[in-house]
Amino acid sequence: MKKRVIAINSSKRKRNTYGLLEQMSKQLKENNIDVDIVNLFDYDIRPCIGCEHCLRKGSCNINDEGELLMKKLTEYDGIILSSPVYMGNISGQLKVFIDRTCRWFHRPEIVGKPTLFVTTTAASGIRDTFKSLETVAIQWGAFPTDYISRNTKNMTKPVSDKEYKKFLIHLFLPREKYKLSMKQVMHFQVQKVLAEKILKIDRVYWEKEGWLNTRYFYNAKTSPISKGMGNLLYFILNKRVENKQE
Ligand SMILES: Cc1cc2nc3c(=O)[nH]c(=O)nc-3n(C[C@H](O)[C@H](O)[C@H](O)COP(=O)(O)O)c2cc1C
């Protein structure tokens with residue numbers, strides 16, 4: 001069955017990062033995968049104003065295209081999140097969009113979507129950029145797969161099949177066969193405690209999704225160590241975080 005992937009390009013210019021995305025789109029097409037490249041700069045997405053309306057009420061107070069792009073992300077089977085390295089990290093425009101997805105930390109809507117990370121740089125900052133992108137994906141409940149980078153020295157080096165193998169496999173693999181990292185399991189436990197103790201709107205959502213009595217957003221493989229650490233973290237947080245819900 002054909003799969004659809006959305007690739008977010010967060011550089012204004014369509015050069016290094018965009019070039020890599022274009023190249024990969026062609027390669028993925030040969031694997032029965034359609035890729036839609038979305039240029040963040042084509043969307044009117046303004047900075048979060050910190051009102052927390054999305055967290056507390058569910059909708060955003062800013063009338064722009066932030067919600068439109070968030071909805072778009074929910075419609076695809078997989079995500080390619082890309083950024084040029086700017087000052088050692090992701091681009092500002094991408095961070096602006098990520099901030100706008102804050103309610104997904106509380107009430108995730110794209111859980112389990114395989115996610116591939118792409119970055120280009122003149123020389124440095126790849127590790128921190130990937131770390132930021134991966135953390136966001138985990139906060140969304142998405143599933144991190146591969147990490148593809150290029151720098152000035154190897155910018156034109158073709159992307160090999162091996163570099164996006166995990167992404168490809170996970171697009172077609174049933175979720176119960178996914179193997180969760182400790183970071184994913186730990187994040188889930190933190191999000192669960194918040195849902196149970198802080199905002200009622202979160203608890204209602206988590207109850208509806210059936211996540212309050214589970215180890216993760218969906219059934220998947222977990223190592224005994226991750227499981228144990230997750231349970232321990234939940235136990236500690238559950239004791240420490242004060243219940244603010246009536
Ligand atoms: C504002 C800005 C900040 C940058 N910061 C870094 C950096 O910290 N380290 C680095 O090696 N390259 C840095 N670069 C270079 C870009 O990461 C590199 O040219 C990248 O491939 C650009 O991607 P693009 O063609 O998709 O825009 C920076 C470029 C710009 C414009």
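# Close-up views of a predicted model

The structure holds 14 salt bridges, a salt bridge being a side-chain nitrogen of Lys or Arg within 4 Å of a carboxyl oxygen of Asp or Glu. Before we look around, note that this is a predicted model, in which local features need pLDDT of at least 70 and side-chain atom pairs count only at pLDDT 80 or more, while totals for chains, interfaces and linings use all residues. Residues are numbered from 1 along each chain as its sequence is written, and side-chain values use heavy atoms, with hydrogens and water left out.

**View 1. A salt bridge joins Asp36 and Arg4.** Their side chains meet with an N to O distance of 3.9 Å. Asp36 sits in strand β2 (residues 33-39) and Arg4 in strand β1 (residues 3-9), so this pair ties together parts that are 32 residues apart in sequence. Strands (E, at least two residues) and helices (H or I, at least four residues) are DSSP runs, numbered from the N terminus. How accessible is Asp36? Asp36 has a relative accessible area of 33%, so Asp36 is partly exposed. Arg4 counts as partly exposed too, at 37% relative accessibility. For these classes, buried means under 20% relative accessible area, exposed means over 50%, and partly exposed lies in between (1.4 Å probe, protein chains only).

**View 2. Here are further salt bridges to find: Arg46 with Asp44, and Arg56 with Glu52.** The side chains of Arg46 and Asp44 meet at 2.9 Å, N to O. Arg46 is partly exposed because its relative accessible area is 37%, and Asp44 is partly exposed at 34%. For Arg56 and Glu52, the closest N and O atoms are 2.8 Å apart. Arg56 has a relative accessible area of 47% and is partly exposed; Glu52, at 36%, is partly exposed as well. Elsewhere, Glu67, Arg103 and Glu109 are linked in a network of salt bridges.

**View 3. The ligand is surrounded by 16 residues.** A residue is near the ligand if one of its heavy atoms lies within 4 Å of it. Which residues are the closest? They are Ser11, Thr17, Val85, Thr120 and Ala123. By class, the shell has seven nonpolar, seven polar and two charged residues. In this scheme, Ala, Val, Leu, Ile, Met, Phe, Trp, Tyr, Cys and Pro count as nonpolar, Asp, Glu, Lys and Arg as charged, and the others, Gly among them, as polar.

**View 4. Oxygen atoms of the ligand pair with Asn16, Gly88 and Ser124.** An N or O atom in the side chain of Asn16 is 2.9 Å from a ligand oxygen. From Gly88, a backbone N or O atom lies 2.8 Å from an oxygen atom of the ligand. A polar backbone atom of Ser124 is 2.7 Å from a ligand oxygen. The protein covers 73% of the 640 Å² of accessible area that the ligand has on its own. Accessible areas come from the Shrake-Rupley method with a 1.4 Å probe; for residues, only the protein chains shown count as cover.

**View 5. Gln27 reaches Tyr164 through a polar contact.** Gln27 lies in helix α1 (residues 16-29). Is Gln27 buried or exposed? With a relative accessible area of 14%, Gln27 is buried. The side chains of Gln27 and Tyr164 make their polar contact at 3.3 Å. A polar contact is a pair of N or O atoms within 3.5 Å; within protein, one must be able to donate a hydrogen and the other to accept it, and residues adjacent in sequence count only if both atoms are side-chain atoms.

**View 6. A nonpolar patch lies on the surface.** Met182, Ile225, Met229, Leu232, Phe235 and Ile236 make this patch of about 540 Å². Patches are made of residues with over 30% relative accessible area and no salt bridge, where like charges are joined within 9 Å and nonpolar side chains (Val, Leu, Ile, Met, Phe, Trp, Tyr) within 5 Å. Which helix gives the most to the patch? Helix α10 (residues 224-240) does, with five residues. Phe235 lies in helix α10 and counts as partly exposed, at 49% relative accessibility.

**View 7. Pro84 is in strand β3 (residues 78-84).** At 7% relative accessibility, Pro84 counts as buried. Pro84 and Gly125 are 41 residues apart along the chain, and their C-alpha atoms are separated by 9.5 Å.
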